[in-house]
Amino acid sequence: MRTQKTKFYNEARYFELYEQMLASIQGGRHNRTDGQRISKGTLKNYTALLNHLRAFAETKKIELRLYNDLNLTLRERAAANNYHARLYKHFTTYLYGKGMFDNYIGLLIRNWRAFYNYLNKDLHMYVGNYHLQFFVPKDEIPVVALSKHQLFSLMHDPEIDQKIKASKLQDIRDIFVFGCTVALRYSDLKQLTKRHLQKKNDHYYLDVRASKTQIETRMRLPSYCTAIIEQHALKSPYLLPQITLQHFNRRLKELATLLPENIHLDKVRERKGKIIVRQKDAKTKRKLKLSDHVSSHTMRRTAISIMLESGMDEMLVRRISGHAPNSKEFYRYVRLAQHRLDAETTRVFSFEDMKG
């Protein structure tokens, strides 16, 4: 008697395999394509996708299934392709209905596609390439960075300093100023200890391997960064105060309200490729300002922007920031330094020195 071949796996098996992938990531068995471990932040995003898929399936009463592609006829493969096309459409419609923007939905879809790749490559299940039709929407969020003048004022303006002390924001400022100099992500800043410091010829160097890209960077610290470290390293084994990301971001916005030129700045996002501009805070109804956009990401963006605008060679900036060559994200900062491009263009095409 011939055994009936499995055509597809049901929803229970779908979620079971997804949870298996999460456990494999957590245990270090499933890694990135370059062999490096998947970061905790990425694992958190995978978990968020699982929660969204569960809520979607329950709310919309749409069964999630995986097709055993090797056991399908041509007609069944066409039906499987149509199923995945409908599934993608319904899921993204559900996410947009939750008020999400292209940038976050794109992150979820990339992780969704990665799940199918895991099944095909790691488990050798071959559930087909239907997931390749899952289009990844992109939303290029504007880069928000402080100017050199704003960062200097935060460090040295007596009036701002007095307000910072009155609000007990000294630790927030120290972390922020340090981060705006070394271009590290907040997760990497929190992990800095004395072993990351090297002293040579009376100068301190910061040696660190970025947790996300695993790229090693080495940077000589300016005196104000050394002063920050000396103040905090005596209190704990870490170089900087240990503050949760949520608390840091909340208090950082308070700090940013003290910045000079805290101009009005709309929040710009995209939904289904359409630009959505929000001018006011949803709760207070007041107009949004630069301080409303400042977060832990602003540190890295500020550091890279100031380096480029000050004329540092792009290759050297990438060595400090840990960006790979041809990184699309990095060239967003290059575009931000438009006035440098303008100055260079003016210099190159100036013919004043050729006049007799």
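A residue counts as buried when its relative accessible area is under 20%, with a 1.4 Å probe. In this predicted model, Cys225 has a relative accessibility of 0% and is therefore classed as buried. Cys180 is buried as well, with a relative accessible area of 4%.

## Cysteines

A disulfide is a covalent bond between the sulfur atoms of two cysteines. The structure holds zero disulfides. Cys180 takes part in none, and the cysteine sulfur nearest to its own, that of Cys225, lies 9.8 Å away. Cys225 is likewise in no disulfide, its nearest cysteine sulfur being that of Cys180 at 9.8 Å. A disulfide would require the two sulfur atoms to be within 2.5 Å.

## The chain as a whole

The chain contains 356 residues, of which 41% are buried. Its secondary structure consists of 15 helices and seven strands. Among the contacts in the chain with a separation of 6 or more, 67% are made by residues 24 or more positions apart. The chain exposes about 21100 Å², and carbon and sulfur atoms contribute 52% of that area.

## Helix H10 and its surroundings

Helix H10 comprises 12 residues, 245–256. At 1.5 Å a residue it should span 16 Å, and the distance of 16 Å between its end C-alpha atoms agrees with this expectation. Which residues of H10 are buried? They are Phe248, Arg251, Leu252, Leu255 and Ala256. Viewed down the helix axis, these buried residues fall within an arc of 150°, so they line one face of H10. The face turned away from the buried side carries the exposed residues Gln246 and Arg250.

Several helices contribute to the cover over the buried residues of H10, including H5 (148–156), H6 (158–166) and H7 (170–182). Helices H8 (186–190), H11 (290–293) and H12 (296–309) are also among the elements that cover them.

Helix H5 has its own set of buried residues, namely Gln150, Leu151, Ser153, Leu154 and Met155. The cover over these residues includes H6, H7, H9 (223–232), H10, H11 and H12. H10 thus appears in the cover of H5, and H5 appears in the cover of H10.

## Salt bridges of helices H6 and H7

Side chains of opposite charge can pair when their charged atoms come close. A search of the whole structure finds 10 salt bridges, and the following table presents some that involve helix H6.

| Residue pair | N to O distance | Location |
|---|---|---|
| Lys163 and Glu159 | 3.7 Å | both in helix H6, four residues apart |
| Lys165 and Asp161 | 3.3 Å | both in helix H6, four residues apart |
| Asp161 and Arg173 | 2.8 Å | helix H6 and helix H7, 12 residues apart |

Lys163 and Glu159 are four residues apart in helix H6, which means that about one helical turn separates them. Lys163 is partly exposed, its relative accessible area being 41%.

The pair of Lys165 and Asp161 is also spaced by about one turn of helix H6. Is each partner buried, exposed or partly exposed? Lys165, at 48% relative accessibility, counts as partly exposed, whereas Asp161, at 19%, counts as buried. The value for Asp161 falls within the buried class because that class covers relative accessible areas under 20%.

Asp161 also forms a salt bridge with Arg173, with the closest N and O atoms 2.8 Å apart. This pair links distant parts of the chain, with Asp161 in helix H6 and Arg173 in helix H7. Both Asp161 and Arg173 are buried. Through shared salt-bridge partners, Asp161, Lys165 and Arg173 are joined into one network.

## Glu216 in strand E5

Strand E5 spans residues 216–220 and contains Glu216. With a relative accessible area of 56%, Glu216 is exposed. What does Glu216 touch, once residues up to four places away in sequence are set aside? The residues it contacts are Val208, Arg209 and Arg319. Glu216 and Arg319 stand 103 residues apart along the chain, while their C-alpha atoms are separated by 8.2 Å.

Technical notes
Residues are numbered from 1 along each chain as its sequence is written. This is a predicted model: local features need pLDDT of at least 70, side-chain atom pairs count only at pLDDT 80 or more; totals for chains, interfaces and linings use all residues. Side-chain values use heavy atoms; hydrogens and water are left out. Helices (H or I, at least four residues) and strands (E, at least two) are DSSP runs, numbered from the N terminus. The expected span of a helix is 1.5 Å times one less than its number of residues. Buried means under 20% relative accessible area, exposed over 50%, partly exposed in between (1.4 Å probe, protein chains only). The arc is that of the directions from the helix axis to the C-beta atoms. Contact means heavy atoms within 4.5 Å. A salt bridge is a side-chain nitrogen of Lys or Arg within 4 Å of a carboxyl oxygen of Asp or Glu. Accessible areas come from the Shrake-Rupley method with a 1.4 Å probe; for residues, only the protein chains shown count as cover.
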